[in-house]
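Colleague: I should be grateful for a close look at one part of this model, taken together with its surroundings. Please begin with the pairing of the strands there and then proceed to the backbone.

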Amino acid sequence: SLQFSQSYISDNWYQGGNSNHSFLSTANLRANYNNKSKLIFENSLELRLGFLEYKDDKKHRYRTNDDKIFMSNKLGLQAFKNWYYTFLLQTQTQFYPNYSANSDYVNSDFLSPLTSNFSIGMEYKLNVKNFNLSANIGALSYNFKYVDNLRGNYGIRAPHSSDTEFGSTITINYTWNIFKNVSQTCRIYYYTNYERVQVDIENTTKFSFNKYLNTQLYLYPRFDDTYYKDGKSEFFQFKELWSLAFNYSF
């Protein structure tokens, strides 16, 4: 999916404001195996990279407004009916450094952080008309976090570059064709080591005009009780993006 936006505001516009351009590209790749008996092997890769023009930023004319590399690998063995014993690996980082405004300070970068979660548990699958659900409960979960060039951040104390812990994970994915031209996809991720909690909810609602054009509303509320900024707790976070997109599927 490729998404572009452009706005022009003259210098003497009565309400003020700035002209800008933005660009967002996304790709979702999947490779799945199902022997129609007991074994499933599901792999997905999600790539997102977007830039927005910041004319008031004297150091960086363009900065990222969306940046994500997310990979999921799951091996499942059917236990009974809709339930599977599963081994699930989820890994995430980003492409490009994210800067603060008018500063060379880097908030995050490629492999900074890199998070990887491996869990063993059970998955429930539901496939009915217009609705597909996958709910994975990882009773035993191993969480690995790594920072390459931003040591001392993301709960990892310098001079260490990585941290590991055990806990539990719940991952829910669903797709819902609400109407003929309206669909919704959602990923809910919950992790706890019984001392801290992280919750991510990524929700995309797509309104399709035809095979190639659609508009998308992307909502991403997040909770992380280990995140502090400038010495203050910033546990609740939120990202939203509304765009017109050219989309191609094959």
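Modeller: In this predicted model, I shall begin with V182, whose bridge partner in β12 is F207. That pair belongs to the contact between β11, residues 182–192, and β12, residues 197–208. The two strands run antiparallel and are joined by 11 bridges. Both are part of a closed barrel of 12 strands with antiparallel pairing, in the order β1-β2-β3-β4-β5-β8-β9-β10-β11-β12-β13-β16. From one strand to the next, the twist averages 20°.

The loop between β11 and β12 holds Y194. Its backbone deserves attention, since Y194 is a residue other than glycine with a positive phi, near 75°. As for its surroundings, Y194 has a relative accessible area of 61%; because exposed means over 50%, Y194 is classed as exposed.

A second loop may be set beside this one, namely that between β7 and β8, where L111 is found. L111 also has a positive phi, near 65°, and is likewise a residue other than glycine. With a relative accessibility of 24%, L111 counts as partly exposed, because that class lies between the limits of 20% and 50%. The loop between β7 (106–108) and β8 (114–128) also contains P113. The peptide bond that joins S112 and P113 is cis, with omega about 5°. Of the strands that flank this loop, β8 appears in the barrel order, where it is listed between β5 and β9.

Key: Residues are numbered from 1 along each chain as its sequence is written. This is a predicted model: local features need pLDDT of at least 70, side-chain atom pairs count only at pLDDT 80 or more; totals for chains, interfaces and linings use all residues. Side-chain values use heavy atoms; hydrogens and water are left out. Two strands pair if DSSP finds at least two bridges between them. Helices (H or I, at least four residues) and strands (E, at least two) are DSSP runs, numbered from the N terminus. Axes are lines fitted to C-alpha atoms, for helices over the stretch in contact, and angles run from 0 to 180 degrees between N-to-C directions. Buried means under 20% relative accessible area, exposed over 50%, partly exposed in between (1.4 Å probe, protein chains only).
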